[in-house]
Amino acid sequence: MKSAYVIVGILGLSYYFSYTPLAIAVFLFCLSILSYIYYARDKKAARSGAWRVPENTLHLLSLCGGWPGALLAQQKLRHKTQKTSFRGVFWLTVLLNVGGFVWLHSTGGERLLKSAIGGAADVSRRYIKSDELASRILFFIKLRET
């Protein structure tokens, strides 16, 4: 549970110091909840002998950024903690995610992120007719202004 607080703190600081937009934190939070749900569903299926969630699905959720929820589910539900090959791939997805997050804080990552934000902002301004909705979307996708 302490690891969840650390992750939230790191994301909060990254947003506060204008390294990542709020949308990234929201995206990771939603994927973490989804990962937890899939782990809980798989645990329930394992107990009842029903159809299981494929391990590749669990790994894909972790790779896409849902690994904090997966880690929490592993700890709280005591699920997928014994199979060494699964744990190895899981920790590889964590390493790739942390490495990607660190890279976003580098010069190249920051440049790519700002370019992507600029493109998304242009698309939202061009195709969303409601100024209020467009401004809300821009709030989530742009970097915090310091």
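The legends below describe an overall view and several close-ups of a predicted model of one protein chain. Residues are numbered from 1 along each chain as its sequence is written, and side-chain values use heavy atoms, with hydrogens and water left out. Because the model is predicted, local features need pLDDT of at least 70 and side-chain atom pairs count only at pLDDT 80 or more, while totals for chains, interfaces and linings use all residues.

**Figure 1. Overall view of the protein chain, with six helices and zero strands.** Helices (H or I, at least four residues) and strands (E, at least two) are DSSP runs, numbered from the N terminus. The order of elements from the N terminus is α-α-α-α-α-α. Along the principal axes, the C-alpha atoms fill a box of roughly 50 × 35 × 25 Å. Of the 146 residues, 33% are buried; buried means under 20% relative accessible area, exposed over 50%, and partly exposed in between (1.4 Å probe, protein chains only). The accessible surface comes to about 9400 Å², with 66% of it belonging to carbon and sulfur atoms. Accessible areas come from the Shrake-Rupley method with a 1.4 Å probe, and for residues only the protein chains shown count as cover. Among contacts (heavy atoms within 4.5 Å) between residues at least 6 apart in sequence, 68% join residues at least 24 apart. The chain carries 19 positive and 7 negative side chains, and the centres of the two sets lie 13 Å apart. In this count Lys and Arg are positive and Asp and Glu negative, with His and the chain ends not counted; the place of a charge is NZ of Lys, CZ of Arg, CG of Asp or CD of Glu.

**Figure 2. Close-up of the salt bridge between Lys80 and Asp42.** A salt bridge is a side-chain nitrogen of Lys or Arg within 4 Å of a carboxyl oxygen of Asp or Glu, and the structure holds six of them. The N to O distance between Lys80 and Asp42 is 3.9 Å. Lys80 lies in the loop between α3 and α4 and Asp42 in helix α2 (residues 22-48), so the pair ties together parts that are 38 residues apart in sequence. Lys80 is buried, at 12% relative accessible area, and Asp42 is buried as well, at 0%. Both residues belong to a network of salt bridges that links Asp42, Arg52, Glu55, Lys80 and Lys83.

**Figure 3. Close-up of Phe86 in helix α4.** Phe86 is buried, with 0% relative accessibility. Leaving out residues up to four places away in sequence, Phe86 touches Tyr39, Glu55, Leu58, His59, Gln74 and Lys80. Two of these, Glu55 and Lys80, also take part in the network of salt bridges. The C-alpha atoms of Phe86 and Leu58 are 9.7 Å apart in space, and the two residues are 28 apart in sequence.

**Figure 4. Close-up of Ala45 in helix α2.** The relative accessible area of Ala45 is 7%, so this residue counts as buried. Its contacts, apart from neighbours within four places in sequence, are Ala50, Trp51 and Arg52. Arg52 is one of the residues in the network of salt bridges.

**Figure 5. Close-up of Thr93 and the nonpolar surface patch.** Thr93 lies in helix α4 (residues 84-104) and is buried, with a relative accessible area of 5%. Apart from residues up to four places away in sequence, Thr93 touches His59, Ser62 and Leu63. Leu63 lies in helix α3 and counts as partly exposed, at 40% relative accessibility. Together with Leu60, Leu92, Leu95 and Leu96, Leu63 makes a nonpolar surface patch of about 500 Å². Patches are made of residues with over 30% relative accessible area and no salt bridge; like charges are joined within 9 Å, and nonpolar side chains (Val, Leu, Ile, Met, Phe, Trp, Tyr) within 5 Å. Helices α3 (55-77) and α4 each supply at least two residues of the patch, and α4 gives the most, with three.

**Figure 6. Close-up of salt bridges within helices α5 and α6.** Side chains of opposite charge can pair when their charged atoms come close. In helix α5 (residues 107-127), Glu110 and Lys114 are four residues apart, about one turn of the helix, and their side chains meet at 3.1 Å, N to O. Glu110 is partly exposed, at 30% relative accessible area, and Lys114 is partly exposed at 44%. In helix α6 (residues 131-141), Glu132 and Arg136 are likewise four residues apart, about one turn of the helix. The closest N and O atoms of Glu132 and Arg136 are 2.8 Å apart. Arg136 counts as exposed, at 51% relative accessibility.
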